[in-house]
Amino acid sequence: MKLSQFKFTLPEEKIALYPTQYRDESRLMVVHRKSGEVEHLFFKDILKFFNEKDVFIFNDTKVFPARLYGNKEKTGACIEVFLLRELNEESRLWDVLVDPARKIRIGNKLYFGEDDSMVAEVIDNTTSRGRTLRFLYDGPHDEFKKALYALGVPPLPDFIKRKAEDIDVERFQTIYAKHEGAVTVPAAGLHFSRELMKRMEIKGIDFSFITLHAGLGCFREIEVEDLTKHKMESEQMQITAEACNIVNTARQNGQNICAVGTTVMRAIETTVGINGLITEADRWTNKFIFPPYDFSVANSMITNFHMPQSIQLMLTCAYGGYDLIMDVYKKALKEDYRFGTYGDAMLILD
């Protein structure tokens, strides 16, 4: 398929700038793949579609405050630094993006914090915007990370036009977030409240937690019309033996398996074998899913309403069917569903 096939007009006012007051009270559109039927409910109504021993697969990655604002030495120019990943713990090396990139050269020093308490030196160019920074910090690593993260803010996607000081840190995190490493939140998981998950437990629904540290590749624009030529950036993932056992047992017993979000779907499809069972993993993945694609594990998926030409929309179309999902998006716009990370949810069922 072509990039242009995933283009649609999304009015800016349809993009949610804030989450709903309560996590599980966002709207929920239920899409039945086989019949094409569509229902309009609230997210807390999701329980009516699942039974005892069904399994929900969650991504328990935790977002870290990856966006920093610093100043360049001598000129004092304001520089935005986006932390991507730590390259070397001992040397305090980080892979970052800088903006504006044209002002940053190898050898420049950047200062962070009101009292310039954190200093970094540019030691390498990686891409037109990418740099490698060495943070000059003498204390223990845990102390360094704590100090570094204290200077940052959660990296809301650019389409959520909010001031840095106006970011609600708690709501840009799932309630079950555990393993730090993501630069953006797996949005489908934001709808789950503690109360809802307790009701799920009482009903006998099982939970399987996997980890995929979502990176900036989730939001970078695709620059090729032929989707087969697009290369996803690699993201770190981990699937434990326990997580595999929960999912595989449910699949062998004919239970429903629900993937909570596109990151979960990419992770399980990365590790599934020809027998339809998932395997343990501690690796990186650059899995890019777009139509047509045969899914092997989950028979339902929860996802948000995504941006035009995004990889999340492409995966959703691959799972729900291109024609059906694009038609559903027209309905969502007409019915005033909220789009984006803080937006409403869709449940796709067989």
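This passage looks at the overall build of one protein chain and then at its nonpolar cores. The model is a predicted one, so everything below is about computed values.

Six helices and 17 strands make up the secondary structure of the chain. Its radius of gyration comes out at 21 Å, and the globule rule gives 20 Å for 350 residues, so the chain is as compact as a globular protein of that length. Laid along its principal axes, the C-alpha trace runs about 65 × 45 × 40 Å.

How much of the chain is buried? Of its 350 residues, 56% fall into that group. The chain still exposes about 16,200 Å², with 46% of that area coming from carbon and sulfur atoms. Contacts also reach a good way along the sequence: take the ones between residues at least 6 apart, and 71% of them join residues at least 24 apart. As for charge, the chain carries 45 positive and 51 negative charges, and the mean positions of these two sets sit 3 Å apart.

Now for the inside. The largest nonpolar core holds 66 residues, and the members that touch the most others are I239, M265, I268, F305 and F339. Which residues does F339 touch, leaving aside those up to four places away in sequence? Its partners include F8, L10, K14, I15 and A16 from one part of the numbering, along with F305, H306 and M307, and also Y329, A332 and L333. Apart from this largest core lies another one, made of 26 residues. Among its members are V81, L97, F112 and L148.

How values were computed
Residues are numbered from 1 along each chain as its sequence is written. This is a predicted model: local features need pLDDT of at least 70, side-chain atom pairs count only at pLDDT 80 or more; totals for chains, interfaces and linings use all residues. Side-chain values use heavy atoms; hydrogens and water are left out. Helices (H or I, at least four residues) and strands (E, at least two) are DSSP runs, numbered from the N terminus. The radius of gyration is taken over C-alpha atoms; the globule rule is 2.2 Å times the number of residues to the power 0.38. Buried means under 20% relative accessible area, exposed over 50%, partly exposed in between (1.4 Å probe, protein chains only). Contact means heavy atoms within 4.5 Å. Accessible areas come from the Shrake-Rupley method with a 1.4 Å probe; for residues, only the protein chains shown count as cover. Lys and Arg count as positive and Asp and Glu as negative; His and the chain ends are not counted. The place of a charge is taken as NZ of Lys, CZ of Arg, CG of Asp or CD of Glu. A nonpolar core is a set of buried Ala, Val, Leu, Ile, Met, Phe, Trp, Tyr and Cys residues joined through side-chain atoms within 4.5 Å.
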